[in-house]
Amino acid sequence: MASNARLDHRNPLVFDTHELGRRPGALQRLSRTIDAPKDLGIQGVIGVPEGAPVELELRLESVMEGVLVTGTARAQAEGECVRCLEPLELELEADFQEMFSYPDADDRGRVKAEPADDAEEDEDRLFLEDGLFDLEPVLRDAVVLALPMQPVCQEDCPGLCSECGERLADDPDHHHDAVDIRWAALQGLAGSLEDGEKDEMSGAEPGVDEKQEK
């Protein structure tokens, strides 16, 4: 990934590594609670509501090629059960680790004589900018990986009735009398015959039977 574009130190997800210097082995631990950014999670499925508190525990370690960031994010996610469609909440804990490289160092920590011209060489790398790094893309990836793709309100959620849509967990004895489709067809045919006979009887002329007997 190319160098970050003008990071703002006032952004709560931007962190300063100047205290570490370029001293391999130097450590810094940080704790910070931030407001969740927009669309933090799996869109349309489950995620952390915008503005909800997200607790961050970070460990910054200076290494030859940059700063290794290891951390954990904790928050409460909200979504909808895929079986019964009821709202649900779950405690989210997402772990992550990412290297933020010095812009002038290669992947072995050696200072580059000249900037690399090959963009493909850096496309998967994150870089420090004036000692700052943006944790947001790392946080988003970690949260998506930590969340269930098909959230359920409980592991054994029975879902909804396929016939009437009622939530089965609210009525464990809920059922519908099953009718064999073959019998249903015969019942329909029998009903049609009965209706036809009634129509014939109602349409008969008075005295017809008496005439036939004579």
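A residue counts as buried when its relative accessible area is under 20%, and as exposed when that value is over 50%. With those cut-offs the helix of this predicted model can be read first, and the strands around the helix afterwards.

Helix H1 spans residues 136–146, and its buried residues are Val138, Leu139, Ala142 and Val143. These four lie on the same side of H1 because they cover an arc of only 130° around the axis. An α-helix has 3.6 residues a turn, so residues three or four places apart point the same way. The other side of H1 carries Asp141 and Leu145, which are exposed.

What do the buried residues of H1 pack against? Their contacts are with E2, E5, E6 and E7, together with strand E3 (40–42) and strand E8 (126–127). Several of these strands also pair with one another, and the pairing can be followed strand by strand.

Strand E2, residues 27–35, is antiparallel to E5 and is joined to E5 by 9 bridges. One point on this seam is Ile34, whose bridge partner in E5 is Val54.

From E5 the path continues to E6. Strand E5 covers residues 53–63 and runs antiparallel to E6, with 9 bridges between the two. The connection from E5 to E6 is a hairpin of 2 residues. Two positions fix the register: Leu60 has Val69 as its bridge partner in E6, and Leu58 has Gly71. In a regular strand the side chains alternate between the two faces of the sheet.

Strand E6 also pairs with E7, residues 87–101, in the antiparallel sense, this time over 15 bridges. Within this pairing, Ala77 is opposite Leu90 of E7. The hairpin of E6 and E7 has 6 residues between the strands, and in that hairpin Leu85 adopts a positive phi near 70°.

A further partner of E6 is strand E4. E4 comprises residues 46–48 and E6 residues 66–80; they pair in the antiparallel sense over 2 bridges. One bridge places Ile46 with Gly79 of E6.

Taken along the pairings, then, E2 is bridged to E5, E5 to E6, and E6 to both E7 and E4. The buried residues of H1 pack against E2, E5, E6 and E7 among others, while Asp141 and Leu145 are exposed on the other side of H1.

Key
Residues are numbered from 1 along each chain as its sequence is written. This is a predicted model: local features need pLDDT of at least 70, side-chain atom pairs count only at pLDDT 80 or more; totals for chains, interfaces and linings use all residues. Side-chain values use heavy atoms; hydrogens and water are left out. Two strands pair if DSSP finds at least two bridges between them. Buried means under 20% relative accessible area, exposed over 50%, partly exposed in between (1.4 Å probe, protein chains only). The arc is that of the directions from the helix axis to the C-beta atoms. Contact means heavy atoms within 4.5 Å.
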